[in-house]
Amino acid sequence: MSKYIVDMMNEKIEMDERVPVIAPETKMMGEEAFVKCDNTKIYWLGGGGFMVNSRGTVLLIDPMLEMKDKENMIAANGHKLLQCFPMETKDVRKCDRILFTHDDGDHANSETVNILADKDVKMLGSARVFETLVKQGMKPDNYEVCHAGETYSVESLEITIIPADHPWQLIDGGRVFYPEDCVGFVVKTPDGTIMFTGDTRLMKDHMGLPELTLLPLDVSKCTFHLGRSAAALLANKYPDACILPYHYGTFDYPECPAQEGGAPQLVLQNINNAEQRGVVVGPGHPVILKNGVVES
């Protein structure tokens with residue numbers, strides 16, 4: 001009899017027959033990704049990570065860019081990669097702020113963070129992330145603790161902190177999350193507004209925000225993330241926002257049901273006007289906002 005697991009959507013997966021979902025191919029990011037421009041570019045870094053360059057102001061959101069074993073495509077946190085990272089931490093030429101949604105190792109990755117901390121990059125996230133990263137060797141001086149409801153300014157950007165709900169303790173009794181431990185970010189740029197929910201179940205706070213231009217959408221199958229139904233529900237709440245699927249197809253962790261990947265089309269098929277709104281790209285491909293319009 002073949003081995004199988006039951007994923008977080010209660011679907012049986014035959015381990016001997018499974019074919020992992022793989023994201024589109026990575027495009028490597030170079031110096032051009034960091035230069036001042038007349039628009040806002042959003043880059044998916046793989047997993048749950050992003051970079052935003054808004055007219056020269058650069059944000060990193062949950063970056064994991066370091067490898068443990070390049071030859072075998074093993075990331076710093078132990079994930080087996082299906083697509084490579086679009087750059088290494090040493091290639092980050094400019095960063096005005098790093099934003100952290102929560103302290104999982106594929107979001108607040110100490111190997112990546114400690115290199116950036118040595119460059120005196122300013123960081124913003126919950127107290128839980130701060131405590132975890134300091135224990136893992138991060139210099140604490142440039143980290144600011146944030147809370148849901150607060151607003152911060154970084155150059156011409158306005159960053160509003162929103163709540164998140166990522167209750168891993170339901171399957172991991174040794175790890176308890178409290179409501180203030182996880183956050184998301186709404187980033188208002190001169191070219192439009194973007195919501196980064198992080199790893200979260202759907203909350204009322206995600207539904208009544210000002211009009212969004214771009215919604216990076218977590219399409220993974222995990223019930224401690226949005227999940228397919230809630231992802232589609234969230235996207236349909238913002239009918240004019242373009243949709244950028246993420247958190248699928250860049251790493252493989254088949255032994256952990258919670259990490260069994262989703263596929264964008266399984267969510268997009270339930271989103272209104274997905275043919276016009278969906279922007280499916282691999283890591284490192286820029287999605288361009290300019291004057292309230294998504295150009296790619």
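## Overall picture

Among contacts in the protein chain between residues at least 6 apart in sequence, 63% join residues at least 24 apart. This is a predicted model. The protein chain holds five helices and 20 strands. Of its 296 residues, 57% count as buried. The accessible surface of the chain comes to about 12,700 Å². Carbon and sulfur atoms account for 48% of that surface.

## The eight-stranded sheet

Eight strands make up an open sheet in the order 11-10-9-5-4-3-19-20, and the pairing is mixed. Strand 11 (143-145) and strand 20 (293-294) are the edge strands, each pairing on one side only. Strands of a sheet pair through backbone hydrogen bonds, either parallel or antiparallel.

At one edge, strand 19 (residues 286-290) and strand 20 run antiparallel, joined by two bridges. Here Leu289 stands opposite Val294 in strand 20. At the other edge, helix 2 (residues 127-135) lies across strand 10 (123-125) and strand 11. The helix runs at about 145 degrees to strand 11.

## Two nonpolar cores

The largest nonpolar core has 52 residues. Those with the most contacts inside it are Leu59, Phe185, Met195, Leu215 and Leu217. Helix 3 (residues 227-237) gives the largest share of this core, five residues. Apart from it lies another core, of 29 residues, including Leu81, Met138, Tyr143 and Phe251.

Leu215 shows how the 52-residue core is connected. Not counting residues up to four places away in sequence, Leu215 touches Met195, Leu234, Ala235, Ala241, Cys242, Ile243 and Leu244. On helix 3, Gly227, Ala230, Ala231, Ala232, Leu234 and Ala235 are buried. Their cover includes strand 15, strand 16, strand 17 (242-246), helix 4 (264-268) and helix 5 (274-277).

## A buried threonine

Thr200 is found in the loop between strand 15 (192-196) and strand 16 (214-218). Its relative accessible area is 0%, so Thr200 counts as buried. A polar atom of the Thr200 side chain lies 2.7 Å from the backbone nitrogen of Asp165.

Which residues does Thr200 touch, not counting residues up to four places away in sequence? They are Ala164, Asp165, His166, His206, Phe224, His225 and Leu226.

## The strand 12–13 hairpin

Strand 12 (residues 151-154) and strand 13 (residues 157-163) run antiparallel, joined by four bridges. Val154 stands opposite Leu157 in strand 13. The side chains of strand 12 alternate. Tyr152 and Val154 point to one face and are buried. Thr151 and Ser153 point to the other face and are not buried.

The two strands form a hairpin with two residues between them. Glu155 sits in the turn.

## Positive phi outside glycine

Most residues other than glycine have a negative phi. Glu155 has a positive phi of about 55 degrees although it is not a glycine. Is Glu155 buried or exposed? Its relative accessible area is 64%, over the 50% cut-off, so Glu155 is exposed.

Arg55 also has a positive phi of about 55 degrees, and it is not a glycine. Arg55 is found in the loop between strand 4 (49-54) and strand 5 (57-61). Its relative accessibility is 28%, so Arg55 counts as partly exposed.

Definitions and conventions
Residues numbered from 1 in each chain as written. Predicted model: local features only at pLDDT ≥ 70, side-chain atom pairs only at ≥ 80, totals over all residues. Heavy atoms only, no water. Pairing = 2+ DSSP bridges. Contact = heavy atoms within 4.5 Å. Axes fitted to C-alpha atoms, helices over the stretch in contact; angles between N-to-C directions. Buried < 20%, exposed > 50% of the residue type's maximum accessible area, 1.4 Å probe, protein only. Polar contact = N/O pair within 3.5 Å; in protein donor to acceptor, adjacent residues only side chain to side chain. Core = buried A, V, L, I, M, F, W, Y, C linked by side-chain atoms within 4.5 Å. Areas by Shrake-Rupley, 256 points an atom, 1.4 Å probe, with all protein chains shown as cover.
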